[in-house]
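Please look through the sequence and the model together before reading on.

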Amino acid sequence: MQQSIDTYNFAGKRAIIRVDFNVPLDGDFNVTDDTRIRAAIPTIKKVLAGGGAVILMSHLGRPKGVEDKYSLKHIIPTVEKLLGQQIDFAGDCMGADAAAKAAALTPGEVLLLENLRYYAEEEGKPRGLKEEATDEEKAAAKKAVKESQKEFTKKLASYADVYINDAFGTAHRAHASTALIAAFFPNDKMFGYIMEGELKAIDSVLQAPQKPFTAILGGSKVSTKITIIESLMEKVDNLILGGGMTYTFMAAQGGKIGKSICEKDQFDTALAIIEKAKKLGVNLVLADDARCGDDFSNAANVKICPANDIPDSWEGMDIGPKTEEKFRKVIENSKTILWNGPVGVFEFDIFSNGSRAIAEAIVAATAKGAYSLIGGGDSVACINKFGMAKQVSYVSTGGGALLEYMEGKVLPGVAAIRE
Ligand code: AMP
């Protein structure tokens with residue numbers, strides 16, 4: 001049965017918390033962006049304030065085994081600073097040391113375990129398989145790691161009385177620490193505050209959105225967004241499509257797109273989306289004009305062209321001013337807004353106007369009472385670049401997990417707690 005972190009009695013209990021401490025480090029192993037650690041502090045403090053002790057577990061990077069540069073020991077000073085207390089560290093999450101330290105924890109104490117991904121069992125994927133391995137060898141290796149994954153998970157679970165999942169970024173993975181471990185805590189499992197906040201934000205958008213509901217989808221390719229486009233079409237009033245996708249839509253309808261990014265194998269998909277929008281009565285909003293460059297760089301020459309009439313040596317890099325206004329009007333009249341993916345190559349300042357206009361319109365709509373959710377890696381980088389993250393309703397940390405949840409997929413990390 002799922003518990004609530006707000007009402008659970010942590011007194012005298014040891015809680016193992018799956019956090020997302022997968023933070024960027026510089027060459028001297030300093031944490032260069034502590035957002036994820038900062039975000040986990042309220043959950044940790046809640047357990048400690050309730051008289052519990054905390055065991056923190058996370059992955060860092062993609063180690064192939066034990067690799068010092070991926071050691072979580074590097075982040076200890078940052079965790080201690082943000083938490084305001086000293087923490088202990090177990091240099092092997094499966095070692096005798098980890099078990100002994102976990103057993104000796106007293107209320108108010110915190111133990112951090114070494115990188116879970118030092119072990120292949122965390123992800124349950126075999127490592128070191130030779131390219132030339134036969135299908136049988138691959139199957140045997142997979143079976144072996146799945147077997148040892150059970151022991152790995154059981155050992156992690158043995159350290160604690162309660163399991164808390166607060167790592168939304170990995171909730172779409174059925175790993176030992178994100179999903180499988182929950183089975184060992186049938187009556188003592190719950191979400192942390194990050195997970196709760198993320199799920200609440202997405203559910204409030206998808207389950208009973210106030211109308212008009214507008215989704216803005218950008219990014220480079222139709223192929224990576226097709227599932228989300230299709231699932232959102234069932235729910236939204238307005239679907240704004242921008243970014244590199246634009247040119248596949250233009251070319252599919254016979255437009256001239258110069259050297260803009262284009263997926264010829266997605267023409268049928270693009271035409272089917274246009275048809276489906278008509279059938280469902282969804283207002284599909286595409287670009288009219290494009291800010292084009294003669295080079296994929298911040299030093300390119302720029303000119304505005306119709307989005308479906310771009311000269312041969314030019315490339316659509318951002319939406320044009322007319323399109324900005326058209327998108328802006330739709331967004332400002334919306335009551336629920338979801339934004340995933342920049343509408344231009346915002347990394348280059350000269351092609352960031354369109355995405356900035358979107359961000360400004362979302363901020364204006366939010367100020368008038370709309371609910372706005374920004375999610376997916378690049379849109380978050382985008383809203384942060386413009387310094388507007390605090391002026392929207394919710395900025396998701398989710399990335400892949402957010403997209404899969406919005407597509408209607410069951411996230412293993414979520415299901416494991418709710419089941
Ligand atoms: P995605 O990860 O699919 O959301 O794509 C985000 C990327 O799309 C960003 O890095 C943008 O630079 C890129 N992007 C946006 N608009 C365009 C465009 N018109 N041409 C090429 N890339 C684009």
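The paragraphs below treat the nonpolar cores and then the ligand site.

This is a predicted model, in which local features need pLDDT of at least 70 and side-chain atom pairs count only at pLDDT 80 or more, while totals for chains, interfaces and linings use all residues. Residues are numbered from 1 along each chain as its sequence is written, and side-chain values use heavy atoms, with hydrogens and water left out.

The largest nonpolar core (buried Ala, Val, Leu, Ile, Met, Phe, Trp, Tyr and Cys residues joined through side-chain atoms within 4.5 Å, buried being under 20% relative accessible area with a 1.4 Å probe and protein chains only) holds 101 residues, of which Ile16, Leu113 and Leu239 touch the most other members. Leaving aside residues up to four places away in sequence, Ile16 touches, with heavy atoms within 4.5 Å, residues including Ile55, Leu113, Tyr163 and Phe185.

Around the ligand there are 14 residues (a heavy atom within 4 Å), and the closest are Lys225, Gly316, Gly344, Glu347 and Asp378. An oxygen atom of the ligand lies 2.4 Å from a side-chain N or O atom of Glu347, and one lies 3.0 Å from such an atom of Lys225.

Conventions. Buried means under 20% relative accessible area, exposed over 50%, partly exposed in between (1.4 Å probe, protein chains only). A polar contact is a pair of N or O atoms within 3.5 Å; within protein, one must be able to donate a hydrogen and the other to accept it, and residues adjacent in sequence count only if both atoms are side-chain atoms.
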